[in-house]
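Q: I should like a close look at a single part of this structure, namely its largest cavity. Which elements each supply at least two residues of the lining? Please then set that part against the other empty spaces and the protein as a whole.

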Amino acid sequence: MTDFVQTLVSSITVGSLYALIALGYTMVYGILRFINFAHGDIVVLGAWFSYTLATKFGYVGADAPWYAGLLVLLSSCALCSLIGFIIERFAYRPLRRSPRLNILITAIGVSLLLQNIGIQTWAFGASPRAMPNLWPNRDLIRMTFGSGTVVIGLVDVLILSLSAILMVALQYLVFHTSLGRAMRAISFNADTAALMGIPVDRVVSMTFVLGSALAAAAGFLFVMKYPAALNHPADPAWVLLGLKAFVAAVVGGIGSIRGAVAGGFVIAFVEQFGMFYIGASYRDVYVFGLLVLILLVKPTGILGSPLREKV
């Protein structure tokens, strides 16, 4: 019972991170109908910006003030939002009316460009680093189940809390604000939305800015959870993290905000429980096996709906 509850806690924490990243994939797909494969690299930039800012601010010891993490998080989100805006403006907007294949190739090119810039010595470099301990991961909650004890750390609680706040805020923005109404109108038909007076370019740019901010938050929280896992920007582990978040968006129903959140938690549960009860060496097999199963049984995802097109 103790192991089950501890694995459950890990699944919820990891699922929050997957869901945050998956939201960026699903927002862009929901509006523009293409996969932004560079989104995973924005997560990496968020992690590395967090490390760089923390060291520049001098928060390298165990005595960092309580607001240090929040300051680094907001600064990283601002930088990644700017990069997301630049990518949309100069890489994707000129190709908006081009075939989807052209945009897909461009997305892959942008991803490789960010990776190769990131490993340059004048950028982040090719050596791994350890994230400064902005939030000490001390035991916050200890619960006794039978003969064992379940431990929930401070970082786990902060990850779950911040992720929940960001997801609720995004849900409110999309369904209860004028910007959200404009985003949903463009997702149905961009040309008609433009005729109705909606500034399509501005709304699409805001979509990339919001998605990049969520990716930066996920990158920051990831390195707070795994401070020793700050590998160089072109490391395959980062690519795998982005792919799993993309799988989460597809499993939940790409294009659906609630689906992205649900998919993040589903693949985290499958991965974490599979690692504990079957074997850790197959952790990636569980995730991609679930993707194949979902595509066979329900191709639109758990909460997705079929897209009808006129012929």
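A: Four helices answer the request: α1, α2, α3 and α8 each contribute at least two residues to the lining of the largest cavity. The model under discussion is a predicted one. Rolling a probe the size of a water molecule over the atoms shows where empty space is left.

The cavity itself has a volume of about 80 Å³. Its lining can be followed helix by helix. Gly24 and Val28 fall within α1, which spans 2–32. His39 and Ile42 belong to α2, which runs over 39–56. Gly84 and Ile87 lie in α3 (68–92). The largest share, four residues, comes from α8; Thr207, Phe208, Gly211 and Ser212 are the lining residues found within its range of 200–225. Asn36 and Ala38 also line this cavity. Sorted by class, the lining has five nonpolar residues, seven polar residues and no charged ones. Glycine belongs to the polar class under the rule used here, so Gly24, Gly84 and Gly211 are placed in that group.

Two cavities of 30 Å³ or more are counted in the protein. The second largest holds about 30 Å³ of space, and its lining is made up of Asp41, Val44, Leu45, Leu114, Gln115 and Pro233. Here α2 and α4 are the elements that give two or more residues. The largest share, three residues, belongs to α2. This lining divides into four nonpolar residues, one polar and one charged. Helix α2 therefore appears in the account of both cavities, since it supplies at least two residues to the larger one and two or more to the second, where helices are numbered from the N terminus.

A pocket is an open space, in contrast to a cavity, from which the probe cannot get out. The largest pocket has a volume of about 1,300 Å³. It is lined by 44 residues, with Tyr29, Gly30, Ile31, Arg33 and Ser187 lying nearest its centre. Several helices each give at least two residues to this lining, among them α1, α3 and α8, which are also named for the largest cavity. Other helices in the pocket list include α4 (100–118), α5 (154–176), α6 (178–188) and α10 (257–277). The pocket lining comprises 24 nonpolar, eleven polar and nine charged residues.

These spaces belong to a protein with eleven helices and two strands. Along the sequence, four helices come before the two strands, and the remaining helices follow them. For 311 residues, a compact globule would have a radius of gyration near 19 Å; the protein has 20 Å, which agrees. Its C-alpha atoms fill a box of roughly 65 × 45 × 35 Å along the principal axes. Of the 311 residues, 49% count as buried. Among contacts with a separation of 6 or more, 72% are made by residues 24 or more positions apart in the sequence. The accessible surface comes to about 15,100 Å², and 67% of this area belongs to carbon and sulfur atoms.

Note on methods
Residues numbered from 1 in each chain as written. Predicted model: local features only at pLDDT ≥ 70, side-chain atom pairs only at ≥ 80, totals over all residues. Heavy atoms only, no water. 1 Å grid on protein atoms, 1.4 Å probe; cavity = no way out; pocket = protein on both sides within 12 Å on 5 of 7 lines; lining within 4 Å. Points joined across faces, edges and corners; volume = space filled by probe spheres on them. Rg over C-alpha atoms; globule rule 2.2 N^0.38 Å. Buried < 20%, exposed > 50% of the residue type's maximum accessible area, 1.4 Å probe, protein only. Contact = heavy atoms within 4.5 Å. Areas by Shrake-Rupley, 256 points an atom, 1.4 Å probe, with all protein chains shown as cover.
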